Each structure stands twice: as C-alpha cells, then as structure tokens.
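Biologist: I am new to this structure and would like a close look at a single part of it. Please take one buried residue, describe its surroundings, and then place it beside the other sites you can describe.

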Amino acid sequence: MKPDRCRHCSADLTDSVVNLGMSPLCESYVPADKLDSMEPFYPLHVSVCRKCLLVQLNQYVSADHIFSEYAYFSSFSSAWLKHAEDYVAAVSSRLGLGPKSFVVELASNDGYLLQYFVQRGIPCLGVEPAANVADVARKKGVETEVAFFGRETARDLRQRRGPADLIIGNNVLAQVPDINSFVDGVAALLGPSGTATFEFPHLMKLFEENQFDTIYHEHFSYFSLLSAETIFAAHGLTLFDVEELWTHGGSLRVYLRPSADASRPVSDRVRSLRAREEQDGYRDMAVYARFEQQVRSTKRKLLSLLIDAKNQGKKVVGYGAPGKGNTLLNYCGIREDLLEFTVDRNPYKQGKFLPGTHIPIHAPERLDQARPDYVLILPWNFKDEIMKQLAHTRDWGARFIVPIPEATVV
Ligand SMILES: [Zn+2]
C-alpha cells in the first residue's frame, strides 16, 4: 500500500504513532429510529511526519460534514467562559487594543469570546463555518460571517475590512484539514505589526498524560511546539511567545507575528519549552513509538476494572457523553453489557445513543434513580467538578472510575 502524505510538507508518512482501530465520527450521536441503520466507521490511525514532526490523522470525512451543524456550543461551560474573559482582558492591555483596532476570531463559535471585545468597544468580527452557531452569536450582538477560513476568505476579508491587528484561533488549528491554506490566510489577513494567537492541545501533555481519547476524526493534527513553529515559519509567521494553559488537559497559547516585524524578539519561554521538547525526544521517533504501549496497557486495566465489577454483580453507569468518551469506549469495546447507560446535561444529547457503542444517553436525574455502584467519568478533565456535583452518590456507597491517565477507582 502506498503511504499517506503529510498534510503540511507532503513527505511520505511512514511512522505510526497509535492505531485505535475503526471508529465512527465521535459527534454523530444516534437517534432511536436510526439504531438499526448502517453506521460508517473510519480508521483512527495516527502517524508522525519525520520531516516536519506533525502528528496527524488521515482525513476521511469532509470538513463540511463535520462543521455544518456542529452540536458543541462553547457557552455551555462556565469555566471556559471565564477563561475567554480573562484572555480578552489580558490581550487587550498587552497589545493596547482600542476603538480603532480590528480583531478577528476564526471558528468563533457562539460568540463566547468576542462578546467580551464587544463589551470593551473594540471592533471585532467572527468567522464561523456552522450557520446555526453563527446565528446564536449574532443574537448576542457579535458580528459573524459564515465561512470556512482559508487563503480565499482571508484575501476577500482583507479587501473588504482591512488588515487585522489581532487574529484569534482557539481549538481550531487541529480541526483544519488544509492547514497550509489556513495558516497562509492568517498571514494574509494580519497587518504588518499585527499579532495572532492560537490555542491548541499540547502533544507533550497528550503523551505524558496518556490522553489518547482526545484523538478523533475531527482532530486532524496534534502539535508540539516544534511542529507548530515549523509550520508557521513556512508561511512567514514567527512564533515569538508561548504560554502553557490548563485547558483541554493542557494546551499551548502561542503568539505569532509577521517574520518581517523584528521589533518583538523570540521570548525565553519559547526557547525553554523548545529545549524541553528536544530533551524529551520530540525530534526523535522513539518518543512517538512508545505511546502505543501505554495506550494498550490502559485499555487492559480499564477492561479489568469493569469486568471485575460486573462479575461481582455491580451496577456501572457513565457520566457525560463527550466526543472523547466515544474514542475510549469504541477502542476498548465497551458497550451496554459493561456500561448500562450514561447521563449528560446537554439536552441535545439526551434520548440519543453513543455512536458505535449505542450506549443510551439519559438526563442526569436517571443516575440518582439507578443508584449505581460505580460511575465512569468520561470527561475526566472535569473530574473534580463532577465528583463535587455527584458527592451525594457517596451516601449509597458509589465510587468513581477515572479512565485517564490510567484507569483508577477513587
Ligand atoms: Zn510533514
């Protein structure tokens, strides 16, 4: 079989990172009347490019399919809103943004972030591919255009609206199939002294904390600082500063400027993180090859826990129906025989079934009625918040299973 090509540099992809088998799209929750229909499964096989070090998945579905009716509304999480508000305050003062500035956010979702620029009287525009989500943003007073961002959109925007002083992209870079067109667009829309900031999950955290369930078909790329620097540099953007964030299990926020603008030197924080990645072997193929072993070991441990619980006649249910839960459950082969049902606060998901495993999703009240012995926490990154919410289940002796980084009972 001919090897696949790197989505950034077109080199042959010969190095496998992890093969999670065949999985359905993680956001395609199944309604009751479709349970007997065929369901498409695609390979979830991650590779790394030897040349530019981009860790990536093949694209099997069009971006249009993924983004056009996206179920995720950013404003559902209060912690995420606070994160956005803090960022807007910090970046506005750092860059001295005011009523004459122009801010553009790519994949602006429901206006969860730009609303804070609107409050400060800083002109801004959202670019969002999902029309239903863009409508929600407009109702909040956030000007939003429905478009896929890339070279063409960027040129058109610059012509109509002028150059941007700040371009923001939070958790979008991983989901862009044509990364070269996207980053080229950023370079084209950015003013000569403009800044772009991007947030994305950090590959180092994914590896160190075994977050293999954050791998799914909608995430095409997984960035180290090293690969991000290489890709941006190829499009005339210099990565001059970086912050490490707690979000999504550990993310990077990188600051970019046109390479021609030498007034902002590359910070010590960039140099020190780059050195850490190099020390840990991120230029070396061995660090990528090791990952699969720890993933397989976690699968065996989680299955042992669930099988033991079932052998003892215990009742096990899930909490949450996040996309990442579907990678975990499909890869481990966990269905209703091991996990009776899960509950989720998002009404869009209630009454539907998890893709692939067909585990039913109920409203949270169902968990109290069932009085389970074990609750498997699928959104493990919010485990502290969830265990606090479910503290009352301790009254009947319930315990929690946290699957990542290593399946444990708490
Ligand atoms: Zn490459």
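Modeller: Glu128 has a relative accessible area of 6% in this predicted model, and because buried means under 20%, Glu128 counts as buried. The residue lies in strand S5, which covers residues 124–128. Leaving aside neighbours within four places in sequence, Glu128 is in contact with Ala107, Ser108 and Asn109, with Val133 and Ala134, and with Thr144, Glu145, Val146 and Ala147. Asp110 is 18 residues from Glu128 in sequence, and the two C-alpha atoms are 8.6 Å apart in space.

Another buried residue is Cys49, with a relative accessible area of 0%. Cys49 is one of the residues that coordinate the zinc ion: the SG atoms of Cys6, Cys9, Cys49 and Cys52 do so at 2.3 Å. The 4 donor atoms subtend angles of 99 to 120° around the zinc ion, so the arrangement is tetrahedral. Along the sequence, the spacing of these donor residues is C-x2-C-x39-C-x2-C. Cys9 and Cys49 link distant parts of the chain, 40 residues apart: Cys9 is in the segment before strand S1 (15–23), and Cys49 is in the loop between strand S2 (42–48) and strand S3 (55–57).

The last site is a helix pair. The axes of helix H8 (residues 225–233) and helix H9 (residues 268–279) come within 9 Å and cross at roughly 120°, which makes H8 oblique to H9. Leu225, Leu226 and Glu229 of H8 make the contact with Val270, Leu273, Arg274, Glu277 and Glu278 of H9. By class, that contact has 4 nonpolar and 4 charged residues, and no polar ones.

Terms used:
Residues are numbered from 1 along each chain as its sequence is written. This is a predicted model: local features need pLDDT of at least 70, side-chain atom pairs count only at pLDDT 80 or more; totals for chains, interfaces and linings use all residues. Side-chain values use heavy atoms; hydrogens and water are left out. Donors are N, O and S atoms within 2.8 Å of the metal (3.2 Å for Na, K and Ca); water is not among the atoms, so sites may look incomplete. Four donors count as tetrahedral if all angles lie between 85 and 135 degrees; four count as square planar and six as octahedral if opposite donors are over 155 degrees apart and all others between 65 and 115; anything else is irregular. Helices (H or I, at least four residues) and strands (E, at least two) are DSSP runs, numbered from the N terminus. Buried means under 20% relative accessible area, exposed over 50%, partly exposed in between (1.4 Å probe, protein chains only). Contact means heavy atoms within 4.5 Å. Axes are lines fitted to C-alpha atoms, for helices over the stretch in contact, and angles run from 0 to 180 degrees between N-to-C directions. Angles under 35 degrees count as roughly parallel, over 145 as roughly antiparallel, 65 to 115 as roughly perpendicular and the rest as oblique. Ala, Val, Leu, Ile, Met, Phe, Trp, Tyr, Cys and Pro count as nonpolar, Asp, Glu, Lys and Arg as charged, and the others, Gly among them, as polar.
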